[in-house]
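Here are a few exercises to work through with the model open in your viewer. Try each task before you read its solution.

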Amino acid sequence: MIVEGVDPRDTQWEVDWPVYCVYFWHQPPAPAGVAQEHAMWQCDEYRVSDVADVEEVLDWARNKARSDQTFVIYVEQRDAHRRGLVRLFGVDPDSAA
């Protein structure tokens with residue numbers, strides 16, 4: 001972990017009411033003859049808006065997640081042409097990283 005001080009004057013803009021995306025991941029049982037670690041992951045995705053902060057999203061996700069699911073929370077970021085995601089919480093189990 002690297003921790004550095006920041007100068008708040010470097011910030012050009014901020015979003016007071018971000019939109020979050022929550023991805024719920026689960027890995028169903030592998031088919032016969034396939035090792036479980038090679039089974040495909042499945043995902044249910046939701047866009048969450050009009051919330052006070054990320055704590056509210058985290059509470060919602062923890063209450064919604066089934067016992068066989070893990071979840072990742074992103075904040076949605078848009079530029080003039082595209083939508084992107086910034087990961088805030090969790091790890092994508094289908095990620096190559």
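**Exercise 1: Burial and overall dimensions**

In this predicted model, 22% of the 97 residues of the chain count as buried.

Task: Work out how the radius of gyration of the chain stands against that of a compact globule of 97 residues.

Solution:
- Start with the reference: a compact globule of 97 residues would come out near 13 Å.
- Next, take the value for the chain, which is 17 Å.
- Then look at the box filled by the C-alpha atoms: along the principal axes it spans roughly 60 × 30 × 30 Å.
- Finally, turn to the surface: about 7,700 Å² is accessible, and carbon and sulfur atoms account for 50% of it.

**Exercise 2: From fold to core**

Task: List the order of the elements from the N terminus on, then find which elements give two or more residues to the largest nonpolar core.

Solution:
- The chain has one helix and four strands, and they run β-β-α-β-β.
- The largest nonpolar core has 11 residues: Y20, V22, F24, V48, V51, V57, L58, A61, F71, I73 and V75.
- Two or more of these core residues come from each of strand 1 (20-26), helix 1 (54-64) and strand 3 (70-78).
- A second core, separate from this one, has five residues, among them C21, Y23, V72 and Y74.
- Now zoom in on V75: beyond its neighbours within four places in sequence, V75 touches P18, V19, Y20, G84, L85, V86 and L88.
- For the chain as a whole, take contacts between residues at least 6 apart in sequence: 51% of them join residues at least 24 apart.

**Exercise 3: Two aspartates in loops**

Task: Decide whether D50 is buried or exposed, and do likewise for D68, asking whether it is buried or partly exposed.

Solution:
- Locate D50 in the loop between strand 2 (42-48) and helix 1.
- Check its backbone: D50 is not a glycine, yet its phi is positive, about 60°.
- Apply the cut-off: exposed means over 50% relative accessible area. D50 has 73% relative accessibility, so D50 counts as exposed.
- Locate D68 in the loop between helix 1 and strand 3.
- Because its relative accessibility is 45%, D68 counts as partly exposed.
- Leaving aside neighbours within four places in sequence, D68 contacts W25 and H26.
- Compare with Y20: D68 lies 48 residues from Y20 in sequence and 22 Å from it in space, C-alpha to C-alpha.

**Exercise 4: Charges**

Task: How far apart are the mean positions of the positive and negative charges of the chain?

Solution:
- Count the charges: 9 are positive and 18 are negative.
- Compare their mean positions: these are 4 Å apart.

Notes:
Residues numbered from 1 in each chain as written. Predicted model: local features only at pLDDT ≥ 70, side-chain atom pairs only at ≥ 80, totals over all residues. Heavy atoms only, no water. Core = buried A, V, L, I, M, F, W, Y, C linked by side-chain atoms within 4.5 Å. Buried < 20%, exposed > 50% of the residue type's maximum accessible area, 1.4 Å probe, protein only. Contact = heavy atoms within 4.5 Å. Rg over C-alpha atoms; globule rule 2.2 N^0.38 Å. Areas by Shrake-Rupley, 256 points an atom, 1.4 Å probe, with all protein chains shown as cover. Lys, Arg positive; Asp, Glu negative; His and termini not counted. Charge placed at Lys NZ, Arg CZ, Asp CG, Glu CD.
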